Structures are given as structure tokens and as C-alpha cells.
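Colleague: I have a model to go through with you. Can we take the sheet, then one residue?

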Amino acid sequence: MISLELTRIIARINGDGHLSNRQVMYFNTCPRLIKEFKSDIKMIFGNVSMSEGIMSSKTPYVSVSSKEIVRKLCEYLPSYNSSKIFVPSEILLADTKIVREYIRTFYDDEGCASVRLNQKTKEWKRSCTLTSNSLIILSQIKELLESFGIKSNEIIRTKPTSEYDKTYVLSVTGEVNLRNFATIIGFKHTHVNWQC
């Protein structure tokens with residue numbers, strides 16, 4: 001059975017992470033998420049050496065150099081390339097606590113809660129969006145959300161005519177769905193303020 005810590009590590013690399021032949025990196029501006037990633041790495045892989053720094057974009061990162069850790073993570077996904085990621089079967093078949101933790105962790109990195117002005121009605125509308133270059137992972141997460149009673153909108157391309165930008169977006173809208181999302185999934189990212 002897969003653990004919560006390993007589930008979060010996989011989701012983080014799928015989100016704001018990077019995996020090469022011998023290195024795992026995680027980038028995030030939220031200290032809480034960086035701390036959780038470091039704690040999860042230690043819990044699963046022991047007292048491994050980690051380096052930390054700040055990218056030129058001012059984004060903090062944590063880096064772990066270990067072929068063994070990379071090999072272990074590749075048992076769950078053959079590629080961590082952003083367009084090829086998907087929810088591993090070990091997580092899909094796990095209990096609901098694991099599934100919820102994967103979704104929440106991925107949303108912390110790739111999701112956004114926002115308010116927008118509806119141009120037709122001139123009303124303010126709330127939404128929760130998730131973006132990815134992988135249509136597969138968004139389709140899986142859409143199904144998983146529905147299994148928790150959270151309806152989402154159709155997955156669309158953010159820039160349908162672009163040859164460069166291949167990003168897709170999944171949105172949750174509507175008061176009931178947003179309340180259910182906040183209650184069942186939620187965010188740990190400190191920049192998200194839930195007021196549905």
C-alpha cells in the first residue's frame with residue numbers, strides 16, 4: 001500500500017517538481033509546502049542530503065541527488081514529463097484518504113482559487129481551476145472529483161490555436177461544488193483564501 005508521504009512526493013513532482021536521471025527537485029514559493037516536501041522525503045527515504053536555494057525567478061527550491069530515489073519514483077511513473085504524467089494506478093486503487101491527498105497536493109501546485117467578473121451578467125463568479133500539459137491527468141482528476149460528488153466543467157485548452165502553449169484547464173464552479181471542494185479536498189497553500 002502506498003503511503004501519504006510517497007503520494008505527496010509523486011504529486012509534487014508531477015506539479016512543481018522536476019525529475020532527472022539522478023536528481024529530484026521541487027520548486028515553490030510557499031514555505032509550508034517546501035517544509036512538507038522535505039519532511040516527506042526524510043520519512044520515505046531516510047536522512048538524505050538535501051540542498052536548498054532560490055532560482056533567478058525568486059522561487060525557492062529543494063534538491064535531492066540520488067539515483068536510488070529517482071529509480072524508486074520511476075516505479076510509479078515511467079516519465080515525469082509534464083505532458084505525459086498521470087495518476088499512478090497505486091494511487092487510483094488506494095483508499096479515499098490517499099486519493100484525496102494526491103488531488104489536494106496536485107492542486108496546491110497546479111491549481112488556483114479565483115474570482116472573475118462574468119462579462120454577460122456583470123456578476124462576480126468564483127472558480128477553482130487546475131492546469132496541466134497532460135490531458136490524461138486532468139481527465140483522471142475530473143473523474144476522481146466526481147467520485148467525491150464534486151462536478152467540474154469540460155476540460156479545455158487555454159490557448160486552442162497556439163502551437164506553443166499546450167496547456168489544458170479543468171474548472172470547478174458553482175457554490176455547491178466549490179463548497180464541496182473546499183470541504184473534501186481544500187488547499188494547504190497559504191496563498192489560497194477560501195471564502196465561498
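Modeller: Yes, and bear in mind that this is a predicted model. Start with an open sheet of four strands, with antiparallel pairing.

Colleague: What is the order of the strands in this sheet?

Modeller: The sheet is open and has four strands. Its edge strands are β1 (17-19) and β3 (51-54), each pairing on one side only. On average, neighbouring strands are turned by 20 degrees against each other, direction ignored. The order is β1-β2-β4-β3.

Colleague: Which residue of β4 stands opposite Glu52?

Modeller: β3 pairs with β4 (residues 60-65) in the antiparallel sense, over four bridges. Opposite Glu52 in this pairing stands a residue of β4, Val62.

Colleague: Which strands does helix α2 touch?

Modeller: Two helices come up here. Helix α1 (residues 4-16) packs on the sheet, touches β1 and β2 (23-27), and makes about 100 degrees with the direction of β1. Helix α2 (residues 31-45) also packs on the sheet, and its direction makes about 10 degrees with that of β4. The strands touched by α2 are β2, β3 and β4.

Colleague: Now Ile184. Why is Ile184 classed as partly exposed?

Modeller: Ile184 is found in helix α7 (residues 175-184). Buried means under 20% relative accessible area and exposed means over 50%, with partly exposed in between. Ile184 falls in between because its relative accessible area is 25%.

Colleague: Which residues does Ile184 touch, leaving out those up to four places away in sequence?

Modeller: Contact here means heavy atoms within 4.5 Å. Ser134 lies 50 residues from Ile184 in sequence and 24 Å away in space, C-alpha to C-alpha. The residues that Ile184 touches are Arg100, Phe148 and Ile150.

Technical notes. Residues numbered from 1 in each chain as written. Predicted model: local features only at pLDDT ≥ 70, side-chain atom pairs only at ≥ 80, totals over all residues. Heavy atoms only, no water. Pairing = 2+ DSSP bridges. Helix = DSSP H or I, 4+ residues; strand = E, 2+ residues; numbered from the N terminus. Axes fitted to C-alpha atoms, helices over the stretch in contact; angles between N-to-C directions. Buried < 20%, exposed > 50% of the residue type's maximum accessible area, 1.4 Å probe, protein only.
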